[in-house]
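Got the model open in your viewer? Let's walk through it one selection at a time.

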Amino acid sequence: MTCSILVGGAWGDEGKGKCITYLCEHDKPDIIARAGVGPNAGHSVEFNGEKYGLRLTPSGFVHTDAKLLIGAGVLVDPEVLFKEFEDLKKYNVSERTFVDPRAAIITDDHRVRDKGSEHLYKKIGSTGSGCGPANSDRVMRSIKLAKDVPELEDYLLDVSFAVNETLDNGEDVFIEGSQGFALSLYYGTYPFVTSKDTTASTFAADVGVGPTKVDEVINVFKAYITRVGEGPFPTEMSQDEAESKGLEEYGVVTGRRRRVGYFDMELAKESCRINGATQIALTCVDRLYPDCARTQSYSDLSPETKAFINEIEAETGVPVTIISTGPDLKDTIDLRSELL
Ligand code: GTP
Ligand code: IMP
Ligand code: MG
């Protein structure tokens with residue numbers, strides 16, 4: 001029985017999608033449960049030559065024997081969910097996805113209020129997906145829940161019960177967090193943050209698992225950092241510098257150009273501490289060190305890359321167990337059997 005939680009280490013877009021897909025395809029958990037804020041997320045999954053940008057469906061959907069669950073803490077936009085059911089038809093996603101009846105529902109009104117808000121959309125640079133206004137209505141206890149939406153009737157399941165029962169039966173549960181540590185409402189760069197805490201403890205609560213049941217917290221970092229939207233970014237580089245290094249990126253949900261910066265060791269240390277990280281997954285190593293592209297064995301990494309990995313481990317005290325050297329699942333160095 002293993003209960004793992006995967007979290008983002010910085011401002012989101014750390015490549016969680018690729019890591020989750022790899023881990024779920026490799027470890028084949030019985031349940032893959034989506035935690036986090038809601039459809040403001042954009043997880044990129046490249047599998048069998050196809051590319052998906054997911055906002056609500058767990059990125060582990062490629063493991064077709066798993067139940068895909070959306071926890072009570074996650075905001076559900078039924079339009080987004082049903083579109084993803086359609087886009088992912090060949091993976092039988094609609095047949096195995098269930099939503100906790102206590103999840104709150106995003107409506108047109110929330111999206112209009114998000115995009116129309118000078119404070120959220122213009123100042124903070126929100127994704128406009130309605131999450132901020134919906135979480136605010138939830139706190140005001142005026143929002144509709146999934147159990148009140150007739151179209152969701154066939155998809156309702158007590159996610160917390162299912163997850164705990166599965167763990168009690170000795171089976172594996174993988175909890176997918178979204179966003180990233182520095183976007184946390186509590187620990188991030190307030191007010192330039194999302195509308196909820198985004199650390200492992202909250203992700204556990206999102207799907208109804210108590211802290212004593214969690215075995216592994218996998219903290220995902222990109223080898224450099226990106227940030228979309230406004231707010232402080234101590235290690236930011238100029239757009240020209242990012243371009244000259246080939247580190248230009250665009251957002252999955254909004255298409256906005258991402259701000260780019262150097263790896264931030266102080267942020268990494270705090271993020272590991274508050275998340276209680278037991279492992280680090282390091283992605284896009286090939287984009288920082290092109291000589292490592294598609295490398296599949298640790299011994300083939302360049303000395304410079306190995307030194308960077310050693311420094312992260314020494315500073316955070318957390319082992320780097322997964323190293324991603326390209327978007328394909330094959331481009332992954334998995335050191336878990338050696339290090340854990
Ligand atoms: P979250 O927002 O954290 O969930 O991450 P994400 O999956 O959304 O990340 P993002 O949207 O930034 O997507 C990352 C992009 O980089 C996708 O196109 C991935 O396929 C790709 N990618 C992921 N890991 C690697 C890697 O190690 N190397 C390279 N070159 N690309 C990667
Ligand atoms: P909101 O969550 O849409 O209100 O956006 C608030 C801030 O969080 C903005 O700066 C967004 O760009 C950022 N944000 C929210 N979700 C994500 C994500 O999944 N990846 C990256 N940034 C995000
Ligand atoms: Mg993303």
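A word on residue classes before we start: Ala, Val, Leu, Ile, Met, Phe, Trp, Tyr, Cys and Pro count as nonpolar, Asp, Glu, Lys and Arg as charged, and the others, Gly among them, as polar. This is a predicted model, in which local features need pLDDT of at least 70 and side-chain atom pairs count only at pLDDT 80 or more, while totals for chains, interfaces and linings use all residues. Residues are numbered from 1 along each chain as its sequence is written, chains are lettered from A and ligands numbered from 1 in the order in which they are written, and side-chain values use heavy atoms, with hydrogens and water left out.

**Stop 1: ligand 1.** Select ligand 1 and the residues near it (a heavy atom within 4 Å). You should get 23 residues, with Lys16, Gly42, His43, Arg258 and Ser324 coming nearest. By class, that shell divides into 3 nonpolar, 10 polar and 10 charged residues.

Now look for polar contacts, meaning pairs of N or O atoms within 3.5 Å; within protein, one must be able to donate a hydrogen and the other to accept it, and residues adjacent in sequence count only if both atoms are side-chain atoms. Lys16 puts a polar side-chain atom 2.4 Å from an oxygen atom of ligand 1, and Arg258 does so at 2.6 Å. From Gly15, a backbone N or O atom lies 3.2 Å from a ligand 1 oxygen. Ligand 1 taken alone exposes 650 Å², and the protein buries 90% of that (Shrake-Rupley areas with a 1.4 Å probe; for residues, only the protein chains shown count as cover).

Colour by secondary structure next: helices (H or I, at least four residues) and strands (E, at least two) are DSSP runs, numbered from the N terminus. Helix 1 (16-27), strand 3 (43-47) and helix 11 (285-288) each give two or more residues to the ligand 1 shell.

**Stop 2: the magnesium ion.** Select ligand 3. Asp13 (OD) and Gly42 (O) coordinate this magnesium ion at 2.0 to 2.1 Å. Donors here are N, O and S atoms within 2.8 Å of the metal (3.2 Å for Na, K and Ca), and sites may look incomplete because water is not among the atoms. The two residues sit 29 residues apart: Asp13 in the loop between strand 1 (3-8) and helix 1, Gly42 in the loop between strand 2 (31-34) and strand 3.

Is Gly42 buried or exposed? Buried means under 20% relative accessible area, exposed over 50%, and partly exposed in between (1.4 Å probe, protein chains only). At 18%, Gly42 is buried.

**Stop 3: ligand 2.** Which residues are closest here? Of the 16 around ligand 2, they are Asn40, Gly125, Thr127, Thr194 and Arg256. A polar side-chain atom of Arg256 is 3.1 Å from a ligand 2 oxygen, while the side chain of Gln179 has an N or O atom 3.2 Å from a ligand 2 nitrogen. The protein buries 97% of the 470 Å² that ligand 2 exposes when taken alone. This shell divides into 6 nonpolar, 8 polar and 2 charged residues.

**Stop 4: helix 6.** Select residues 131-139, where Cys131, Pro133, Ala134, Asn135 and Asp137 are buried. These pack against helix 4 (108-115) and helix 5 (118-124), contact meaning heavy atoms within 4.5 Å.

**Stop 5: Ser271.** Finish in helix 10 (residues 265-275), home of Ser271, which is buried at 0% relative accessibility. Its side chain makes a 3.0 Å polar contact with that of Asn219.
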